[in-house]
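Student: I would like to learn how to read a ligand site and a domain contact. Could we go through one example together?

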Amino acid sequence: MNKDILTEAAIRAALPEKYRDLQIFVYDTTDSTNTRAEIFAREGGTEAVFVAREQTAGRGRRGRSFISGRDLGLYISFLLGRQPDASAALSLTTYSAVALSRTVERLFGARPSIKWVNDIYLGERKLAGILATGQVSEDGRGLDFAVVGIGVNILGRDFPREIRDIATSLEREGYGGVSLPDFAAAFIDEFYSSLHLVGEREITEEYRSRQMLTGRRVTVERAGESFTAEVLGVSDSCALRLRLDGGEEISLSTGEVSVHTVKD
Ligand code: BTN
């Protein structure tokens, strides 16, 4: 076994004993760990972690793809059980952004920032993205299950042309010395250790303090229209607070919105 390659044994070897009953599925190659988790849940599976060495159809937000090159990153999905509130996808996204930032900070001493709503940045480039999905329960109030998938670029400096200017990896930023299985184990441990804090003030506050858009001018694209505004911050419910150019203040909830910083 090459200990630097993502295998179940290598991840388990780096995980504390308390995770011995956690189900961990590691794929040499798969379409998407989120898809694997959703299928597992629909077939009656319960809490589990899905990890892939590469994804052939990695999914991003808003129907985009997530480039997931072999042994270059951590592509991981957590399958969680019933969620009483249908807004769990948002609170899990917020929580995961904080958990991943904490992991990177603890292992490398780097301070990632979060770009509302689901992107993790190092400097001015994207290091990781989060996609949370779920199955809405019959009464529409909660989720039968939730899947939160995180893709982190760890190794490699050369990115495909379409993302070369906007994506980065830990290696590209000069951080190394941690194997993929050790990184996976550290993140899994961080994720479960504070999971009881999902939706709590402590997480919202940290999400806010890492928010890179606050104080910046942004272009917002929503339902085919585009406008510029200044970002005032993030609300308690994780909406993005904006001041429009005319002075009016509005809040954006996630939905089908995309926000780009305006380059000065
Ligand atoms: C985004 O940037 O819009 C979100 C990207 C989420 C990618 C991760 S990789 C693991 C999991 N499986 C997927 O297909 N997507 C998520």
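**Reading the ligand site**

Tutor: Start with a polar contact: in this predicted model, an N or O atom in the side chain of Thr33 sits 3.1 Å from a nitrogen atom of the ligand.

Student: Which side-chain atom lies 2.9 Å from a nitrogen atom of the ligand?

Tutor: A polar contact is a pair of N or O atoms within 3.5 Å. Here the partner is a polar side-chain atom of Gln55. The backbone takes part too: a polar backbone atom of Arg61 is 2.7 Å from an oxygen atom of the ligand.

Student: How much of the ligand does the protein bury?

Tutor: Compare the ligand alone with the ligand in place. Alone, the ligand exposes 410 Å². The protein buries 97% of that.

Student: Which residues around the ligand come nearest?

Tutor: The ligand has 21 residues around it. Ser32, Gln55, Arg59, Arg61 and Lys126 come nearest. Gln55 and Arg61 you have met already, Gln55 through its side chain and Arg61 through its backbone.

Student: How do the residues of the shell divide into nonpolar, polar and charged?

Tutor: Sort them by residue type. Six are nonpolar, 11 are polar and four are charged.

Student: Which element gives the most to the shell around the ligand?

Tutor: Map the shell onto helices and strands. β6 gives the most, with four residues. At least two residues each come from α2 (33–42), β3 (73–80), β6 (125–136) and β7 (143–153).

**Reading the domain contact**

Student: What does the domain assignment give for the protein chain?

Tutor: Begin with the bounds. Domain 1 covers 8–209 and domain 2 covers 217–258. Their C-alpha centres lie 25 Å apart. Domain 1 puts 11 residues into the contact, and domain 2 puts in 14 residues.

Student: What is the area buried between domain 1 and domain 2?

Tutor: About 1100 Å². Carbon and sulfur atoms give 56% of this area. Next, look for the residues that carry it. On the domain 1 side, Arg62, Trp116 and Arg208 lose the most area to domain 2. Together they make up 59% of what that side buries.

Student: What kind of peptide bond joins Trp116 and Val117?

Tutor: Check omega. It is about 5 degrees, and the bond is cis. Val117 lies in the loop between β4 (113–115) and β5 (119–122).

Student: What is the phi of Arg62?

Tutor: Phi is positive, about 60 degrees, although Arg62 is not a glycine. Arg62 is in the loop between β2 (48–52) and β3.

Definitions and conventions: Residues are numbered from 1 along each chain as its sequence is written. This is a predicted model: local features need pLDDT of at least 70, side-chain atom pairs count only at pLDDT 80 or more; totals for chains, interfaces and linings use all residues. Side-chain values use heavy atoms; hydrogens and water are left out. A residue is near a molecule or strand if one of its heavy atoms lies within 4 Å of it. A polar contact is a pair of N or O atoms within 3.5 Å; within protein, one must be able to donate a hydrogen and the other to accept it, and residues adjacent in sequence count only if both atoms are side-chain atoms. Accessible areas come from the Shrake-Rupley method with a 1.4 Å probe; for residues, only the protein chains shown count as cover. Ala, Val, Leu, Ile, Met, Phe, Trp, Tyr, Cys and Pro count as nonpolar, Asp, Glu, Lys and Arg as charged, and the others, Gly among them, as polar. Domain bounds come from an automatic or database domain assignment. Contact means heavy atoms within 4.5 Å. Buried area is the accessible area (1.4 Å probe) that two parts lose on being put together, summed over both.
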